[in-house]
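Student: I would like to work through this model with you, one question at a time. Could we begin with the terms and then turn to the chain itself?

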Amino acid sequence: MHPQSTFMSCRPGRPLRAALAVLLTALALALTLTPSAARAADVVVVRSSDQSAFKAVEQAFAAELPAAKSLLATAPGLDLKAELAGAKLVLAVGPDAARAVMAAHGGVPVLVALAAEAELAGAKPAGIVPMFVAPARQVKLAKAFLPTLARVGIVYDPSKTRAMASEFESAAKAAGLTLEKSEVTSRGAVIDAARAMMPKIDVLWLLPDSTVVGLDTFKVLIATTVAAKVGLVGFTEGMARTGAVLSIEASYAEIGRRAAAAGKRLLAGGAAAPEAPEGAAFVNAKTAELIGLTLSPKARAEAAKVFE
């Protein structure tokens with residue numbers, strides 16, 4: 001008798017249930033062992049490395065968009081194109097991951113975090129989550145913490161932060177502030193440029209410019225601004241801890257959450273609108289006293305942290 005006839009002629013009951021159980025078990029095993037049948041994750045996260053910053057962004061992102069596949073761009077033998085096959089969204093964390101993903105993604109929407117557009121070798125992702133708080137938001141926060149703020153100075157390298165300097169200039173003018181700008185092309189020119197504008201400004205605002213900001217220049221800029229009774233505004237909590245009167249920082253957790261919000265819109269068929277972080281303010285009360293600024297109780301209450 002044909003095997004199919006034997007199966008179909010089984011009476012209802014335990015023999016049939018047993019046969020079905022065997023068949024379903026065999027089918028499940030076959031699907032497990034067949035690579036083409038494995039369903040790729042809808043969301044994939046690719047990190048440049050195991051640096052704590054990259055991992056913090058991924059952790060916050062995954063908390064909002066769970067069940068993400070996690071990959072390390074530098075893993076030996078990684079076939080990134082194969083790993084991304086079937087994905088509906090990729091988050092690339094860090095510049096190395098961003099470049100690798102953009103080269104291999106094959107049309108999958110890509111979000112980038114902790115990497116600047118200039119680091120993407122001309123590639124255009126679906127969206128970039130900014131690493132820093134938008135200048136307009138920074139100005140708004142600074143006016144709340146530094147009520148006498150009227151004149152602002154920035155020193156920047158046009159090859160590094162021209163676009164940000166332009167955005168900052170627009171934000172300052174919109175807020176009714178006057179702006180002094182000084183362009184530099186080398187680390188050695190930074191201090192002289194800053195000293196020259198001290199009589200003309202109330203605050204020296206640091207941009208995330210690698211020509212301008214380094215351990216050597218930062219220490220001198222703290223001393224220079226305090227001596228001139230000018231506030232120094234930075235962009236990390238550590239800068240406030242070590243002497244900047246105010247720092248406005250976007251946390252890695254917030255960047256991850258912003259990336260998740262943009263990712264959810266993309267998965268729903270929308271566009272990845274800009275997701276600039278709001279940031280948090282860190283204040284150094286000792287520096288404020290040295291430059292003649294009294295922190296109000298409201299300012300102290302609204303700061304993420306006050307360093308005494």
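Tutor: A residue is called exposed when its relative accessible area is over 50%, buried when that area is under 20%, and partly exposed in between. Please keep in mind throughout that this is a predicted model.

Student: With that cut-off, is A121 buried or exposed?

Tutor: A121 sits in the loop between strand 4 and strand 5, and although A121 is not a glycine, its phi is positive, at about 55 degrees. Its relative accessibility is 69%, and because the cut-off for the outer class is over 50%, A121 counts as exposed.

Student: Which other residue that is not a glycine has a positive phi of about 55 degrees, and where does it lie?

Tutor: The stretch to examine is the loop between helix 9 (215–227) and strand 9 (231–234). The residue there has a relative accessibility of 53% and therefore counts as exposed. It follows helix 9, and its name is K229.

Student: How far apart are the end C-alpha atoms of helix 9, given the span that its 13 residues should have?

Tutor: At 1.5 Å a residue, the 13 residues of helix 9 should span 18 Å. The computed separation of the end C-alpha atoms agrees with that expectation, at 19 Å.

Student: Which elements are included in what covers the buried residues of helix 9?

Tutor: The buried residues of helix 9 are to be found among T217, F218, L221, I222, T224 and T225. What covers these residues includes strand 9 and strand 8 (203–205), together with helix 10 (237–241) and helix 8 (190–197).

Student: Turning to helix 3, within what arc do its buried residues fall?

Tutor: Helix 3 covers residues 52–64, and its end C-alpha atoms lie 19 Å apart, in agreement with the 18 Å that its 13 residues should span. Its buried residues include A53, F54, V57, E58, A60 and F61. An α-helix has 3.6 residues a turn, so residues three or four places apart point the same way. Seen down the axis of helix 3, the buried residues line one face of the helix, because they fall within an arc of 165 degrees.

Student: Which residues of helix 3 are exposed on the other side, and what covers the buried ones?

Tutor: On the other side of helix 3 the exposed residues are S52, Q59 and A63. The cover of its buried residues includes helix 11 (252–267) as well as strand 1 (43–47), strand 2 (69–72), strand 3 (89–93) and strand 4 (110–113).

Student: Which residues is V93 in contact with, leaving aside its neighbours within four places in sequence?

Tutor: V93 is found in strand 3, and at 0% relative accessibility it counts as buried. The C-alpha atoms of V93 and V57 are separated by 7.5 Å, although these residues are 36 apart along the chain. Leaving aside neighbours within four places, the contacts of V93 are V45, V46, R47, S48, F54, V57, A113 and L114.

Student: How far apart in space are L146 and T294, C-alpha to C-alpha?

Tutor: L146 lies in the loop between helix 6 and strand 6 (151–156), and its relative accessibility of 6% means that it counts as buried. Beyond its neighbours within four places in sequence, L146 is in contact with V203, V233, V245, L246 and L293. L146 and T294 are 148 residues apart in sequence, and their separation in space is 9.1 Å.

Student: Which helix gives the most to the lining of the largest pocket?

Tutor: The largest pocket holds about 890 Å³ of space, and of its 26 lining residues the closest to the centre are A116, E117, M131, F132 and M164. By class, the lining has 17 nonpolar, 3 polar and 6 charged residues. Strand 5 (127–129), helix 6 (135–145) and helix 7 (158–174) each supply at least two residues of the lining. The element that gives the most, with 6 residues, is helix 7.

Student: How many nonpolar residues are in the lining of the largest cavity?

Tutor: The count comes to 1 cavity of 30 Å³ or more, and the largest cavity holds about 40 Å³ of space. F132, V133, Q138, L206, L207, P208, F235 and I248 line the largest cavity. By class, this lining has no charged residues and 1 polar residue, and the number of nonpolar residues is 7.

Terms used: Residues numbered from 1 in each chain as written. Predicted model: local features only at pLDDT ≥ 70, side-chain atom pairs only at ≥ 80, totals over all residues. Heavy atoms only, no water. 1 Å grid on protein atoms, 1.4 Å probe; cavity = no way out; pocket = protein on both sides within 12 Å on 5 of 7 lines; lining within 4 Å. Points joined across faces, edges and corners; volume = space filled by probe spheres on them. Nonpolar A, V, L, I, M, F, W, Y, C, P; charged D, E, K, R; others polar. Helix = DSSP H or I, 4+ residues; strand = E, 2+ residues; numbered from the N terminus. Expected span 1.5 Å × (residues − 1). Buried < 20%, exposed > 50% of the residue type's maximum accessible area, 1.4 Å probe, protein only. Arc of directions from axis to C-beta. Contact = heavy atoms within 4.5 Å.
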